[in-house]
Structure formats: C-alpha cells, structure tokens
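I opened this notebook to keep track of what I looked up in the structure, place by place. The entries follow the order in which I went through it.

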Amino acid sequence: MLPKDVDYTLFDFEIKIQPSKTFQIKENRIIGICDKLDALKQSIDLILSIERYKYPIYSWNYGIELNDLYGEHISYVIPELERRIKESLLQDDRIKDVDSFTFKITKNTVYTTFLVHSIYGDISVEKEIET
C-alpha cells in the first residue's frame, strides 16, 4: 500500500494494480480460483472473521477488533462497530468506501448490513456479531 499524501508525479514510475486472483474457499475447502469481485467478497468475509492482533501469521493491518466489544453497552457497541468495520475494510486497496450501515439488535446479537464501494462495483455485506 502506498502512502496517500505523497505527490507521485515527481517520481518516474508506474503504479500497477496487482491481480486479485486467489483460491476460492467454500465450506473450509479450496474449490478453485476466483478473481475480481468474487475474490473481494471472500476477502471482506475473511477480514471480518479474523480478530486483529490475535494471530501472529497476519499483519497488524489485517482483521477487525471485536473481542473488547463483548459485554459492552449497545450504545457504545454500534458506533464503535461501524468505525471498526470501516477501518478494517479500508486497509484493502480495492475498497474505496464503506457506508449505508443499518443495525438490528436482538437479545445478544447485533446484525449489521452495509455497502462496500469497490473498484469492481458495490457489494452489500451482512455481518452478525455476538455482544
């Protein structure tokens, strides 16, 4: 990832977007290869499923922090969850913006839906978080 506050016109190089091909995973099995939109959907799912800072194999920029939200009051959890989802997904260069959050609260669960704007198009995402 390149810093955003640098004027790259001063340098003589070309920025190329790397291919997004990856293994397609379904039900914990590799079933083939996916690219572009399907690869991004899978990446979003993985980012939102991995606790940040917990596993040394992943970069500290990968994943989402959810563990400290368990047991907190819902008035704290909802805005913090929105901020953390945005922060974790915007680490991916293919994602331009995350917005249109809606929340549904049941006894111990927060259901959220939001829209991810990417270079491949818009993706509607649903996430369920135990509180």
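**Entry 1: aspartate 92.** I began with aspartate 92, which has its place in the loop between helix 2 and strand 3; the model I am reading is a predicted one. Is aspartate 92 buried or exposed? I find a relative accessible area of 12% for aspartate 92, and because buried means under 20%, this residue counts as buried. Once residues up to four places away in sequence are set aside, I see aspartate 92 touching Leu40 and Ser43.

**Entry 2: helix 1.** Those two contacts took me to helix 1, where Leu40 and Ser43 are listed among the buried residues, together with Ala39, Gln42, Ile44 and Ile47. I then asked what covers the buried residues of helix 1, and noted that the cover includes strand 1 (22–26), strand 2 (29–34) and helix 2, as well as strand 3 (95–105), strand 4 (109–118) and strand 5 (121–130). As a check on geometry, I took the twelve residues of helix 1 (residues 36–47) at 1.5 Å a residue, which should give a span of 16 Å, and the end C-alpha atoms are indeed 16 Å apart, so the two agree.

**Entry 3: leucine 46 and the surface patch.** Leucine 46 also lies in helix 1, but its relative accessibility is 34%, so I recorded leucine 46 as partly exposed. Leu46 joins Phe23, Ile25, Ile30 and Ile33 in making a nonpolar surface patch of about 500 Å². Strand 1 and strand 2 each supply at least two residues of that patch.

**Entry 4: the core.** I turned next to the interior, keeping in mind that in soluble globular proteins nonpolar side chains tend to be buried together. The largest nonpolar core has 19 residues, and those that touch the most other members are Ile44, Leu48, Ile85, Leu89, Val98, Phe114 and Val116. Helix 1, helix 2, strand 3, strand 4 and strand 5 each supply at least two residues of this core. I followed isoleucine 85 outward and, leaving aside its neighbours within four places in sequence, found it in contact with Leu48, Ile64, Val98, Phe101, Thr112 and Phe114.

**Entry 5: arginine 84.** I looked up arginine 84, which is found in helix 2 (residues 74–89). Arginine 84 has a relative accessible area of 6% and is therefore buried. Which residues is arginine 84 in contact with, leaving aside its neighbours within four places in sequence? I noted Ile64, Glu65, Leu66, Asp68, Leu69 and Tyr76.

**Entry 6: threonine 106.** Threonine 106 lies in the loop between strand 3 and strand 4, and with a relative accessible area of 33% I have put it down as partly exposed. Threonine 106 and threonine 131 are 25 residues apart in sequence, and I read 9.8 Å between their C-alpha atoms.

**Entry 7: the whole chain.** I closed with the overall values. The protein has two helices and five strands, which follow the pattern β-β-α-α-β-β-β along the sequence. Its C-alpha trace spans about 55 × 40 × 30 Å along the principal axes. Of the 131 residues, 31% are buried, and among contacts with a separation of 6 or more, 29% come from residues 24 or more positions apart. I noted an accessible surface of about 9,300 Å², of which 51% belongs to carbon and sulfur atoms.

How values were computed. Residues are numbered from 1 along each chain as its sequence is written. This is a predicted model: local features need pLDDT of at least 70, side-chain atom pairs count only at pLDDT 80 or more; totals for chains, interfaces and linings use all residues. Side-chain values use heavy atoms; hydrogens and water are left out. Helices (H or I, at least four residues) and strands (E, at least two) are DSSP runs, numbered from the N terminus. Buried means under 20% relative accessible area, exposed over 50%, partly exposed in between (1.4 Å probe, protein chains only). Contact means heavy atoms within 4.5 Å. The expected span of a helix is 1.5 Å times one less than its number of residues. Patches are made of residues with over 30% relative accessible area and no salt bridge: like charges are joined within 9 Å, nonpolar side chains (Val, Leu, Ile, Met, Phe, Trp, Tyr) within 5 Å. Accessible areas come from the Shrake-Rupley method with a 1.4 Å probe; for residues, only the protein chains shown count as cover. A salt bridge is a side-chain nitrogen of Lys or Arg within 4 Å of a carboxyl oxygen of Asp or Glu. A nonpolar core is a set of buried Ala, Val, Leu, Ile, Met, Phe, Trp, Tyr and Cys residues joined through side-chain atoms within 4.5 Å.
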